[in-house]
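Student: Please give me a close look at one part of this model. Then connect that part to what surrounds it, with the cut-offs spelled out.

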Amino acid sequence: MAKLTKKQKEAASKIEKNKLYTLKDAAALIKDVASAKFDESVDIAVRLGVDPRKANQMVRGVVTLPHGTGKDVKVLALVTPDKEAEAKEAGADYVGLDEYLQKIKDGWTDVDVIITMPSVMGKLGPLGRILGPRGLMPNPKTGTVTMDVAKAVQEVKAGKIDFKVDKTGIIHAGIGKISFDADKIVDNAHEIIQTLIKLKPTAAKGTYIKSIYLTSTMSPAIALDPKAV
(Lines give C-alpha, C1' and ligand atoms only; values in the text may rest on other atoms or scores of the structure.)
Protein backbone atom coordinates (compact mmCIF):
# COMPACT_ATOMS: atom_id res chain seq x y z
CA MET A 1 0.00 0.00 0.00
CA ALA A 2 1.39 3.40 -1.02
CA LYS A 3 2.40 5.73 1.79
CA LEU A 4 0.57 9.01 2.14
CA THR A 5 2.56 12.15 1.43
CA LYS A 6 2.82 14.90 4.02
CA LYS A 7 0.19 16.94 2.17
CA GLN A 8 -2.15 13.96 1.93
CA LYS A 9 -1.82 13.28 5.66
CA GLU A 10 -2.51 16.93 6.42
CA ALA A 11 -5.60 16.89 4.19
CA ALA A 12 -6.90 13.67 5.76
CA SER A 13 -6.47 15.11 9.25
CA LYS A 14 -8.88 17.93 8.43
CA ILE A 15 -11.69 15.51 7.55
CA GLU A 16 -13.41 13.99 10.58
CA LYS A 17 -13.87 10.23 10.34
CA ASN A 18 -17.47 8.97 10.34
CA LYS A 19 -18.80 12.54 10.14
CA LEU A 20 -21.51 13.37 7.62
CA TYR A 21 -21.09 16.92 6.38
CA THR A 22 -23.66 19.31 4.96
CA LEU A 23 -23.18 20.15 1.29
CA LYS A 24 -22.16 23.70 2.17
CA ASP A 25 -19.54 22.56 4.70
CA ALA A 26 -18.23 19.85 2.36
CA ALA A 27 -17.79 22.34 -0.49
CA ALA A 28 -15.78 24.66 1.76
CA LEU A 29 -13.73 21.76 3.13
CA ILE A 30 -12.92 20.31 -0.30
CA LYS A 31 -11.33 23.63 -1.23
CA ASP A 32 -9.45 23.77 2.06
CA VAL A 33 -7.88 20.31 1.73
CA ALA A 34 -6.91 20.64 -1.95
CA SER A 35 -3.15 20.94 -2.26
CA ALA A 36 -2.25 20.13 -5.86
CA LYS A 37 -0.46 22.71 -7.98
CA PHE A 38 -3.05 22.33 -10.75
CA ASP A 39 -6.76 23.14 -10.86
CA GLU A 40 -8.19 19.88 -9.54
CA SER A 41 -11.53 18.56 -10.74
CA VAL A 42 -14.34 18.27 -8.19
CA ASP A 43 -16.40 15.08 -8.46
CA ILE A 44 -19.51 13.73 -6.82
CA ALA A 45 -20.34 10.06 -6.24
CA VAL A 46 -23.89 9.10 -5.30
CA ARG A 47 -24.74 5.52 -4.29
CA LEU A 48 -28.33 4.72 -5.17
CA GLY A 49 -30.60 2.04 -3.76
CA VAL A 50 -31.31 0.51 -7.16
CA ASP A 51 -30.44 -2.70 -8.99
CA PRO A 52 -28.94 -1.56 -12.33
CA ARG A 53 -29.29 -5.11 -13.69
CA LYS A 54 -33.04 -4.53 -13.87
CA ALA A 55 -34.22 -2.33 -16.73
CA ASN A 56 -36.92 -0.71 -14.60
CA GLN A 57 -34.31 0.45 -12.07
CA MET A 58 -31.79 1.93 -14.50
CA VAL A 59 -31.05 5.59 -13.72
CA ARG A 60 -29.60 7.77 -16.46
CA GLY A 61 -30.17 11.31 -17.56
CA VAL A 62 -28.75 14.72 -18.36
CA VAL A 63 -28.32 17.85 -16.30
CA THR A 64 -27.09 21.35 -17.09
CA LEU A 65 -24.86 22.54 -14.28
CA PRO A 66 -25.62 26.19 -13.39
CA HIS A 67 -21.92 27.10 -13.40
CA GLY A 68 -20.63 24.64 -15.97
CA THR A 69 -17.94 22.04 -15.36
CA GLY A 70 -14.95 24.36 -15.64
CA LYS A 71 -13.67 22.07 -18.36
CA ASP A 72 -13.16 23.05 -21.98
CA VAL A 73 -15.32 20.37 -23.57
CA LYS A 74 -14.19 19.33 -27.04
CA VAL A 75 -17.20 18.72 -29.28
CA LEU A 76 -17.29 16.87 -32.59
CA ALA A 77 -20.36 17.55 -34.73
CA LEU A 78 -20.92 14.78 -37.27
CA VAL A 79 -23.32 16.52 -39.62
CA THR A 80 -24.29 16.85 -43.27
CA PRO A 81 -22.89 19.83 -45.23
CA ASP A 82 -26.06 21.89 -44.78
CA LYS A 83 -25.58 21.83 -40.98
CA GLU A 84 -21.83 22.52 -40.87
CA ALA A 85 -22.04 26.33 -40.63
CA GLU A 86 -24.64 26.05 -37.85
CA ALA A 87 -22.43 23.70 -35.84
CA LYS A 88 -19.33 25.87 -36.28
CA GLU A 89 -21.13 29.04 -35.23
CA ALA A 90 -22.44 27.26 -32.11
CA GLY A 91 -18.88 26.48 -31.05
CA ALA A 92 -18.19 22.91 -32.16
CA ASP A 93 -14.46 22.19 -32.19
CA TYR A 94 -14.60 19.72 -35.07
CA VAL A 95 -17.23 19.68 -37.80
CA GLY A 96 -17.64 17.28 -40.70
CA LEU A 97 -18.74 13.78 -41.52
CA ASP A 98 -16.99 11.21 -43.69
CA GLU A 99 -13.44 12.38 -42.93
CA TYR A 100 -14.10 12.17 -39.17
CA LEU A 101 -15.86 8.81 -39.48
CA GLN A 102 -12.69 7.51 -41.13
CA LYS A 103 -10.50 9.07 -38.41
CA ILE A 104 -12.58 7.37 -35.71
CA LYS A 105 -12.36 4.09 -37.62
CA ASP A 106 -8.58 4.53 -37.55
CA GLY A 107 -8.68 4.99 -33.76
CA TRP A 108 -9.02 8.77 -33.24
CA THR A 109 -11.25 9.65 -30.27
CA ASP A 110 -9.73 12.90 -28.99
CA VAL A 111 -13.08 14.51 -28.15
CA ASP A 112 -15.36 14.66 -25.11
CA VAL A 113 -18.78 14.67 -26.79
CA ILE A 114 -20.06 13.72 -30.24
CA ILE A 115 -23.24 15.34 -31.53
CA THR A 116 -24.96 14.13 -34.67
CA MET A 117 -28.23 13.97 -36.61
CA PRO A 118 -30.75 11.10 -36.81
CA SER A 119 -29.93 10.57 -40.51
CA VAL A 120 -26.24 10.03 -39.68
CA MET A 121 -26.70 7.45 -36.91
CA GLY A 122 -26.72 4.60 -39.42
CA LYS A 123 -23.12 5.41 -40.33
CA LEU A 124 -22.10 5.42 -36.66
CA GLY A 125 -23.41 1.92 -35.94
CA PRO A 126 -20.27 0.11 -37.15
CA LEU A 127 -18.15 2.36 -34.91
CA GLY A 128 -19.98 1.31 -31.73
CA ARG A 129 -17.13 -0.93 -30.57
CA ILE A 130 -14.83 2.13 -30.61
CA LEU A 131 -17.22 4.79 -29.31
CA GLY A 132 -19.28 2.71 -26.88
CA PRO A 133 -16.56 1.81 -24.35
CA ARG A 134 -15.43 5.45 -24.30
CA GLY A 135 -18.92 6.78 -23.65
CA LEU A 136 -18.88 8.71 -26.91
CA MET A 137 -21.77 7.10 -28.80
CA PRO A 138 -24.46 9.74 -29.43
CA ASN A 139 -27.85 8.96 -27.91
CA PRO A 140 -31.24 10.66 -28.42
CA LYS A 141 -31.91 10.31 -24.66
CA THR A 142 -28.96 12.58 -23.86
CA GLY A 143 -29.77 15.09 -26.58
CA THR A 144 -26.72 14.28 -28.69
CA VAL A 145 -28.78 12.97 -31.63
CA THR A 146 -30.89 15.88 -32.82
CA MET A 147 -31.77 18.11 -35.75
CA ASP A 148 -31.16 21.18 -33.57
CA VAL A 149 -27.40 20.78 -33.69
CA ALA A 150 -26.63 24.37 -32.66
CA LYS A 151 -28.66 24.10 -29.46
CA ALA A 152 -27.06 20.76 -28.56
CA VAL A 153 -23.55 22.14 -29.05
CA GLN A 154 -24.29 25.26 -27.01
CA GLU A 155 -25.76 23.26 -24.14
CA VAL A 156 -22.76 20.92 -23.93
CA LYS A 157 -20.36 23.86 -24.03
CA ALA A 158 -22.38 25.58 -21.27
CA GLY A 159 -22.13 22.64 -18.86
CA LYS A 160 -24.65 20.00 -19.87
CA ILE A 161 -23.49 16.55 -18.78
CA ASP A 162 -24.99 13.10 -19.00
CA PHE A 163 -24.76 10.43 -16.32
CA LYS A 164 -25.62 6.78 -15.90
CA VAL A 165 -25.63 4.52 -12.86
CA ASP A 166 -22.82 1.98 -13.02
CA LYS A 167 -23.13 -1.74 -12.29
CA THR A 168 -22.47 -1.13 -8.58
CA GLY A 169 -25.32 1.37 -8.29
CA ILE A 170 -23.16 4.51 -8.21
CA ILE A 171 -23.46 7.72 -10.22
CA HIS A 172 -20.14 9.49 -10.85
CA ALA A 173 -19.99 13.02 -12.26
CA GLY A 174 -17.57 15.91 -12.51
CA ILE A 175 -19.22 19.04 -11.13
CA GLY A 176 -16.54 21.70 -11.32
CA LYS A 177 -13.03 22.76 -10.41
CA ILE A 178 -11.30 23.58 -7.13
CA SER A 179 -10.92 27.16 -8.39
CA PHE A 180 -14.74 27.51 -8.26
CA ASP A 181 -16.21 29.44 -5.33
CA ALA A 182 -17.67 27.08 -2.73
CA ASP A 183 -21.16 28.41 -3.51
CA LYS A 184 -20.79 27.37 -7.17
CA ILE A 185 -19.76 23.85 -6.14
CA VAL A 186 -22.83 23.73 -3.89
CA ASP A 187 -25.13 24.89 -6.70
CA ASN A 188 -23.76 22.34 -9.18
CA ALA A 189 -23.91 19.47 -6.68
CA HIS A 190 -27.44 20.42 -5.64
CA GLU A 191 -28.57 20.48 -9.27
CA ILE A 192 -27.41 16.93 -10.01
CA ILE A 193 -28.73 15.55 -6.71
CA GLN A 194 -32.17 17.07 -7.29
CA THR A 195 -32.16 15.66 -10.83
CA LEU A 196 -31.38 12.19 -9.45
CA ILE A 197 -34.26 12.49 -6.98
CA LYS A 198 -36.66 13.33 -9.83
CA LEU A 199 -35.42 10.28 -11.74
CA LYS A 200 -36.11 7.81 -8.91
CA PRO A 201 -37.53 4.64 -10.49
CA THR A 202 -40.93 3.60 -9.16
CA ALA A 203 -39.53 0.06 -8.81
CA ALA A 204 -36.81 1.22 -6.40
CA LYS A 205 -37.69 0.28 -2.82
CA GLY A 206 -36.18 1.35 0.50
CA THR A 207 -33.60 4.13 0.81
CA TYR A 208 -32.97 5.67 -2.60
CA ILE A 209 -29.93 7.88 -1.94
CA LYS A 210 -27.71 5.77 0.29
CA SER A 211 -24.55 7.88 0.36
CA ILE A 212 -22.96 10.91 -1.26
CA TYR A 213 -19.25 11.70 -1.44
CA LEU A 214 -17.45 14.79 -2.65
CA THR A 215 -13.84 14.51 -3.81
CA SER A 216 -11.26 16.40 -5.79
CA THR A 217 -8.58 14.86 -7.97
CA MET A 218 -6.02 14.52 -5.16
CA SER A 219 -8.07 14.81 -1.96
CA PRO A 220 -9.68 12.22 0.34
CA ALA A 221 -13.44 11.72 -0.01
CA ILE A 222 -15.80 13.79 2.13
CA ALA A 223 -19.06 12.09 3.15
CA LEU A 224 -22.25 14.13 2.91
CA ASP A 225 -25.40 13.70 4.92
CA PRO A 226 -27.98 12.53 2.33
CA LYS A 227 -30.85 13.69 4.54
CA ALA A 228 -29.42 17.20 4.80
CA VAL A 229 -29.07 17.39 1.04
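Tutor: Start with strand β6, which gives five residues to the lining of the largest pocket, the most of any element. Strands here are DSSP runs of E, at least two residues long, and helices are runs of H or I, at least four long, numbered from the N terminus. The model is predicted, so local features need pLDDT of at least 70 and side-chain atom pairs pLDDT 80 or more, while totals for chains, interfaces and linings use all residues. Numbering starts from 1 along each chain as its sequence is written, and side-chain values use heavy atoms, without hydrogens or water.

The largest pocket has a volume of about 760 Å³. Its lining counts 33 residues, and D112, V113, G135, I161 and D162 are the closest to the pocket centre. Besides β6 (160–164), the elements that give two or more residues to this lining are β1, β5 (113–116), α7 (149–158) and β7. By class, twelve lining residues are nonpolar, eleven polar and ten charged. (Nonpolar: Ala, Val, Leu, Ile, Met, Phe, Trp, Tyr, Cys, Pro; charged: Asp, Glu, Lys, Arg; polar: the others, Gly among them.) A pocket is an open set of points on a 1 Å grid over the protein atoms alone where a 1.4 Å probe fits, with protein on both sides within 12 Å along at least five of seven lines; lining residues have an atom within 4 Å of a point. Points join across faces, edges and corners, and the volume is the space filled by probe spheres set on them.

Now look at the partner of β6. Strands β2 and β6 run antiparallel, joined by five bridges. Pairing requires at least two DSSP bridges. Within this pair, R60 faces K164 of β6. Strand β2 (residues 60–64) has two faces: G61 and V63 sit on the covered one, R60, V62 and T64 on the uncovered one. In a regular strand, side chains alternate between the two faces of the sheet.

Next come the other lining strands. Strand β5 belongs to an open three-stranded sheet, ordered β4-β3-β5 and paired in parallel. Strands β4 (94–96) and β5 are its edges, each pairing on one side only. From one strand to the next, the twist averages 15°. (Axes are lines fitted to C-alpha atoms, for helices over the stretch in contact, with angles from 0 to 180 degrees between N-to-C directions.) Three parallel bridges link β3 (residues 75–78) to β4. One residue pair is A77 with V95, its bridge partner in β4. Helix α4 (residues 98–105) packs on this sheet and touches β3, β4 and β5, with its direction at about 115° to that of β4.

Strands β1 and β7 lead to another sheet. This open sheet has four strands, ordered β7-β1-β8-β9, with antiparallel pairing. Strands β7 (170–177) and β9 (222–224) are the edges, each pairing on one side only. Neighbouring strands are turned by 25° on average, direction ignored. Helix α8 (residues 182–198) packs on the sheet and touches β1, β7 and β8; its direction makes about 155° with that of β7. Seven antiparallel bridges hold β1 (residues 41–48) against β8 (residues 209–216). V42 has S216 as its bridge partner in β8, and I44 has L214.

L214 deserves a stop. The residue lies in β8. Its relative accessibility is 0%, so L214 counts as buried. (Buried is under 20%, exposed over 50%, partly exposed in between, with a 1.4 Å probe and protein chains only.) Beyond its neighbours within four places in sequence, L214 contacts residues including A26, A27, I30, I175, I185 and L224. (Contact: heavy atoms within 4.5 Å.) L214 and A27 are 187 residues apart in sequence, yet 7.9 Å apart in space, C-alpha to C-alpha.

Past β8, a hairpin of five residues leads to β9. These two strands run antiparallel over three bridges, with I212 paired to L224 in β9. I222 and A223 are among the residues lining the second largest pocket, as are P220, A221, A12 and Y21. Its volume is about 200 Å³. Seven of its lining residues are nonpolar, one is polar and three are charged.

One last residue: D25, in helix α2 (residues 23–33). D25 counts as partly exposed because its relative accessibility is 42%. D25 and D181 lie 156 residues apart in sequence and 13 Å apart in space, C-alpha to C-alpha.
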